[in-house]
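Q: I would like a close look at the largest pocket in this structure, please, with enough of the surrounding fold to place it. Which residues lie closest to its centre?

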Amino acid sequence: MCLIAAIRIEHERLTLAPAIERVPSVDVRVVTNSMTDPETSMFFFLVRSESGEFDRFDAAVERDETVAEAMVVSESDSTRLYRFTHRSETQLLSPKVTELGGLVLEARTADAGWRLRLQLPDREAIAELWEYCRSEGIAFELIRVYDQHGMTDTAVTAVSEEQRRALTEAYRRGYFEEPRETTQAELADRLGICPTAVGGRLRRGTRQLVEDVLLDE
């Protein structure tokens, strides 16, 4: 019986890690059918930016030592599809997952790292993947494991500490009540950040909770 594992990994030479660190507000997802060939160095990424920070992201990609070549394939106001070719020294987890008989079902950015949803044959494969990451210096966090029937063994959320603080503060202050008892501007004053940042943390944190708690189950 196959297992589904949600993990979070972080390393300075992982795909686009430098660019993600420089522009953390963008949401980057790998187009998964480009991850099935362990020999390829070319991948497609869907990049979403509601605040239109593509110029900053492009500048960060130009300085990103994990990227050999980048090209915009298509674009709209808030999303762009990129094709990236990696350098030989870029850290990739998909070849190891394929070697273990698994599949990368989803990969998206999570703070300075990547959050992946993997299909793996058994717990031994998860343990071997963890050992591989440790040997390569890749930070590895197991978020959730469940079988094909949805039986959950591990269930925690990948919400960041900043998102968690914004969500809990919003809850305590009545932001989610009807009518609302506080505003994003008031939350911003309490958290010491701008209202735009509050909105982003609430939106991304809520989306992460839905993915972790509702969609997987």
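**The largest pocket and its setting**

A: Taking contacts in the protein chain between residues at least 6 apart in sequence, 64% join residues that are at least 24 apart. This is a predicted model, and its chain of 217 residues, of which 43% count as buried, has seven helices and nine strands.

Against that background we can turn to the pocket itself. The largest pocket holds about 750 Å³ of space, and among the 31 residues that line it, Pro24, Ser25, Gln163, Gly200 and Arg204 are the closest to its centre. Four elements each supply at least two residues of this lining, namely α1 (17-22), β6 (103-110), α5 (161-172) and α7 (195-215). Of these, α7 gives the most, with 10 residues. When the lining is sorted by class, it has 12 charged, 10 polar and nine nonpolar residues.

The interior of the protein completes the picture. The largest nonpolar core has 39 residues, and those with the most contacts inside it are Ile7, Ile9, Leu16, Phe57, Trp114, Leu116 and Leu129. A second, separate core, of 10 residues, includes Ala166, Leu191, Val198 and Leu202. Returning to Ile7, and leaving aside its neighbours within four places in sequence, we find that its contacts include Leu93, Trp114, Leu116 and Leu129, as well as Arg115 and Glu141.

A residue in a loop can also be shut away from the surface, and Gln91 is a case to follow. Gln91 sits in the loop between β5 (79-86) and α3 (94-99), yet Gln91 counts as buried because its relative accessible area is 7%, which is under the 20% limit for that word. Not counting residues up to four places away in sequence, Gln91 touches His11, Arg13, Leu14, Thr15, Tyr132, Glu136 and Ile138.

It remains to ask how far each part can be trusted. The chain averages a pLDDT of 86, and 88% of its residues score at least 70. Among the elements, helix α2 (residues 54-62) has the highest mean pLDDT, 94, while strand β9 (residues 152-155) has the lowest, 44. Over residues 151-155 the pLDDT is below 50, although this stretch has 13 contacts in the model beyond near neighbours in sequence. Where pLDDT is low, the predicted coordinates should not be read in detail.

Conventions:
Residues are numbered from 1 along each chain as its sequence is written. This is a predicted model: local features need pLDDT of at least 70, side-chain atom pairs count only at pLDDT 80 or more; totals for chains, interfaces and linings use all residues. Side-chain values use heavy atoms; hydrogens and water are left out. A nonpolar core is a set of buried Ala, Val, Leu, Ile, Met, Phe, Trp, Tyr and Cys residues joined through side-chain atoms within 4.5 Å. Buried means under 20% relative accessible area, exposed over 50%, partly exposed in between (1.4 Å probe, protein chains only). Contact means heavy atoms within 4.5 Å. On a 1 Å grid over the protein atoms alone, a cavity is a set of points where a 1.4 Å probe fits but cannot get out, and a pocket is an open set with protein on both sides within 12 Å along at least five of seven lines; lining residues have an atom within 4 Å of a point. Grid points are joined across faces, edges and corners, and a volume is the space filled by probe spheres set on the points. Ala, Val, Leu, Ile, Met, Phe, Trp, Tyr, Cys and Pro count as nonpolar, Asp, Glu, Lys and Arg as charged, and the others, Gly among them, as polar. pLDDT is the predictor's confidence in each residue, from 0 to 100.
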